[in-house]
Amino acid sequence: MERIKLEYGGAPLRGSLTVPGDKSVSHRAVMFGSIAEGRTTVSGFLSGEDCLRTIDCFRSLGVSIEREGTDLVIDSPGIDGWKEPSDILYTGNSGTTTRLILGVLAGSRVHSVVTGDSSIAKRPMKRVTDPLDRMGADIRGREGAQYTPLSVQGGQLRAIDYDMPVASAQVKSAILFAALRADGESVIREKEVSRDHTERMMHNFGIQVSSEEGTIRLQGGQKPVAVHVDVPGDISSAAFFLAAGALVPDSEVSLENVGLNPTRSGMLDVLEAMGAEIRVTESGSSDSEPRGTLTVRHSSLRGTEISGPLIPRLIDEIPVIALLATQAEGTTVIKDAEELRVKETDRIAAVAEELGKLGADIEPTADGMIIRGPVRLGGGTLDSRGDHRIGMMAAIASLIADGPVELEDPDCIAVSYPAFFEHLDSLQK
Ligand code: S3P
């Protein structure tokens, strides 16, 4: 579909939803399940485009992955039994698949070529290929392995002692996957703590990894043991309905079984700082990922500052947080978020320009944005720019816009939330 009309007529949002499975956890479940010998089962898997690309890649490596809805059965011969793929491994729009799989493949026994779509072709890969190169990985590609397509000849790796120059869970995870296959103990130091799903899942798969004050240590040569993974709901998907509930008058929305990993829950801190009425009920966790129910009500909001260690804890939520800020009293400043420039699209430019079309007052800066509110939003035609989170931000903006909003290229939303529009409709009935 090239363009859709978003017509919601200001109706309040009421009811409860179970958002789809966490994207980061779903990718990792397939990866660990494919490295481990034997049968891994997964429930709550996100059947979005990105995670389906991860499944395809590991099937090409000879891993059997059966999917029925959100359940997976993965039967693997183990990483040493993988077959050499006869075609490229296509990672689509998925930065997580592309970067993490490089770390996995570097320590395998096969040769492979990894490539993605036109957005992936522009995203920086040197941040991953550089530390992997230091570990002895044989990876080649455009401009000195800066960009896809990248070819990887798997082989024996050596441990690394690495100070991460960027706060990135994708980089950290690629190194951790490689470190599993390296001789000796690897040490990774993060400058800001990034999401720790890889470390938590390593524990689940029986791997010993320690993490203290931003330093992660892992002894190479450990073998993951196949287990069951129960994926929590994705807080980054819940974020759009949290924002909608806070913005649309008379709304009250509950989101169930949402992952509440503290390295991901910065959006909740921001909602509180902005004065949103939000209730968090933890339901415990069946594994190492905490989860719970979030209930939000329409609230009057105030501006806030978002910077420093908070940024990696909400990096994917910044587009929808910016939308919230357009309706908040006062100024919201977002800084230290230069990573937004190299996401699926340049999200600083995309947010400022797209919401600007509806009349929002957003000044883009090199590492974030300054948003002045409250401003009544009007109608207009917005472009998702092929970025799922920009598309969902536009759809939520349409709920509070005075005029009609049209969205170009809404299909990309299926990357992380195929049922997004159905879920939105279900809250308006
Ligand atoms: C992810 C890490 C983050 C995030 C992305 C998913 C992950 O990227 O933006 O959506 O699953 O590790 P960076 O590692 O580039 O910060």
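Colleague: Buried or exposed: which one is Arg264?
Modeller: Keep in mind this is a predicted model: local features need pLDDT of at least 70, side-chain atom pairs count only at pLDDT 80 or more, and totals for chains, interfaces and linings use all residues. Numbering starts from 1 along each chain as its sequence is written, and side-chain values use heavy atoms, with hydrogens and water left out. The cut-offs are under 20% relative accessible area for buried and over 50% for exposed, with partly exposed in between (1.4 Å probe, protein chains only). Arg264 has 3% relative accessibility, so it counts as buried.

Colleague: Which side chain makes a polar contact of 2.9 Å with Arg264?
Modeller: Arg264 sits in the loop between β17 (252–259) and α9 (266–273); helices (H or I, at least four residues) and strands (E, at least two) are DSSP runs, numbered from the N terminus. Leaving aside residues up to four places away in sequence, Arg264 touches residues including Asp22, Arg195, Asp234 and Glu317, where a contact means heavy atoms within 4.5 Å. A polar contact is a pair of N or O atoms within 3.5 Å; within protein, one must be able to donate a hydrogen and the other to accept it, and residues adjacent in sequence count only if both atoms are side-chain atoms. At 2.9 Å, the partner is Asp234.

Colleague: How many residues of α7 are buried?
Modeller: Helix α7 covers residues 197–204, and what covers its buried residues includes α1 (23–35), α6 (169–180) and β14 (209–212). The buried set is His197, Thr198, Glu199, Arg200, Met201 and Met202. Out of eight residues, that's six.

Colleague: What phi does Gly206 take?
Modeller: Gly206 comes just after α7. Its phi is positive, at about 80°.

Colleague: How far apart are the C-alpha atoms of Leu180 and Ser265?
Modeller: Leu180 is in helix α6 and, at 3% relative accessibility, counts as buried. Not counting residues up to four places away in sequence, it touches Phe32, Met202, Ile207, Leu218, Gly220, Gly221 and Gln222. Ser265 is 85 residues from Leu180 along the chain, and the C-alpha separation is 28 Å.

Colleague: What is the radius of gyration of the protein chain?
Modeller: The chain has 13 helices and 25 strands. The globule rule (2.2 Å times the number of residues to the power 0.38, with the radius taken over C-alpha atoms) gives 22 Å for 429 residues. The chain comes close to that, so it is as compact as a globular protein of that length, at 21 Å.
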